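Subject: Structure handover

Hello,

Here is the structure I said I would pass on. My notes on it come after the model.

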Amino acid sequence: MDCNGCEFHPELFYDDEYQIWVRREDDGTLTVGMTDLSQTIAGKILHVRVRRPGTRRPPGKPVATIESGKWAGPIPNFIDCVIIEGNPEVLENPVLLNSDPYNAWVARVEATDGADKALESFVTGDEAHKGYCARAQRDDIHCQRTLR
């Protein structure tokens, strides 16, 4: 599925601005990544820094920061969580977030109050697709992938 050329995965959970996606893992942890919209807005990603494993991050305190050719800033965090790990492949080669944003996750976290509670504030499925497309159209975002 896509909107304005921006890839969308209905099985994932999204924040209400469609900056990040979250996936529930079988072990109850959550994997966090950047959406195609986000990586397009950021431009070529040059550096990724994930907070140290074991670090607790409340909502509003980022799990990671990125630096691109356009800006440097946080990857938003909407849940109370503890960092489990950063994606070693992305830390080594940050442009993977541009070339394959749905496989090149940023961090794995453990939600303090459990995955179900954490995911309550996210949207998924048809509702998420509708909002994702609305954001792409409203902000005239046409996704393009930067190659490695």
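The notes below start with the chain as a whole and then go through the sheet, the hairpin and a few residues.

Please keep in mind that this is a predicted model.

Overall shape

The chain contains five helices and 12 strands. Its radius of gyration is 14 Å, close to the 15 Å that the globule rule gives for 148 residues, so the chain is as compact as a globular protein of that length. Along the principal axes, the C-alpha atoms fill a box of roughly 35 × 35 × 25 Å.

Of the 148 residues, 51% are buried. If you look at contacts in the chain with a separation of 6 or more, 66% of them are between residues 24 or more positions apart.

Surface and charge

The exposed area of the chain is about 7400 Å², and 47% of this comes from carbon and sulfur atoms. On the charge side, there are 17 positive and 24 negative side chains. The centres of these two sets are 7 Å apart.

The open sheet

Seven strands make up an open sheet, in the order 7-10-11-5-4-3-12, with antiparallel pairing. Which strands stand at the edges? They are strand 7 (56–57) and strand 12 (123–124); each has a single partner strand, so one side of each is left without a neighbour in the sheet. As general background, strands of a sheet pair through backbone hydrogen bonds, either parallel or antiparallel.

The partner of strand 12 is strand 3 (residues 13–14), and two bridges join this antiparallel pair. One of the residues to look at here is F13, whose bridge partner in strand 12 is T124.

The hairpin

Strand 8 (residues 64–68) and strand 9 (residues 72–75) run antiparallel and are joined by four bridges. The connection between strand 8 and strand 9 is a hairpin through three residues. Within this pair, A64 has I75 of strand 9 as its bridge partner.

Two residues with positive phi

Y18 and D140 are listed here for their backbone angles. Y18 is a residue other than glycine with a positive phi, near 60 degrees. Y18 sits in the loop between strand 3 and strand 4 (20–24). Is Y18 buried or exposed? Its relative accessibility is 7%, and buried means under 20%, so Y18 counts as buried.

D140 is also a residue other than glycine with a positive phi, in this case near 50 degrees. D140 belongs to the segment after helix 5 (125–138). The relative accessible area of D140 is 55%, and exposed means over 50%, so D140 is exposed.

L91

L91 is part of helix 2 (residues 88–92). The relative accessibility of L91 is 39%, and the partly exposed class lies between 20% and 50%, so L91 falls into that class. Leaving out residues up to four places away in sequence, L91 touches V48, V50 and G86. For a distance across the model, take L91 and H142: they are 51 residues apart in sequence, and their C-alpha atoms are 26 Å apart in space.

That is the full set of notes.

Regards

Notes:
Residues are numbered from 1 along each chain as its sequence is written. This is a predicted model: local features need pLDDT of at least 70, side-chain atom pairs count only at pLDDT 80 or more; totals for chains, interfaces and linings use all residues. Side-chain values use heavy atoms; hydrogens and water are left out. The radius of gyration is taken over C-alpha atoms; the globule rule is 2.2 Å times the number of residues to the power 0.38. Buried means under 20% relative accessible area, exposed over 50%, partly exposed in between (1.4 Å probe, protein chains only). Contact means heavy atoms within 4.5 Å. Accessible areas come from the Shrake-Rupley method with a 1.4 Å probe; for residues, only the protein chains shown count as cover. Lys and Arg count as positive and Asp and Glu as negative; His and the chain ends are not counted. The place of a charge is taken as NZ of Lys, CZ of Arg, CG of Asp or CD of Glu. Two strands pair if DSSP finds at least two bridges between them.
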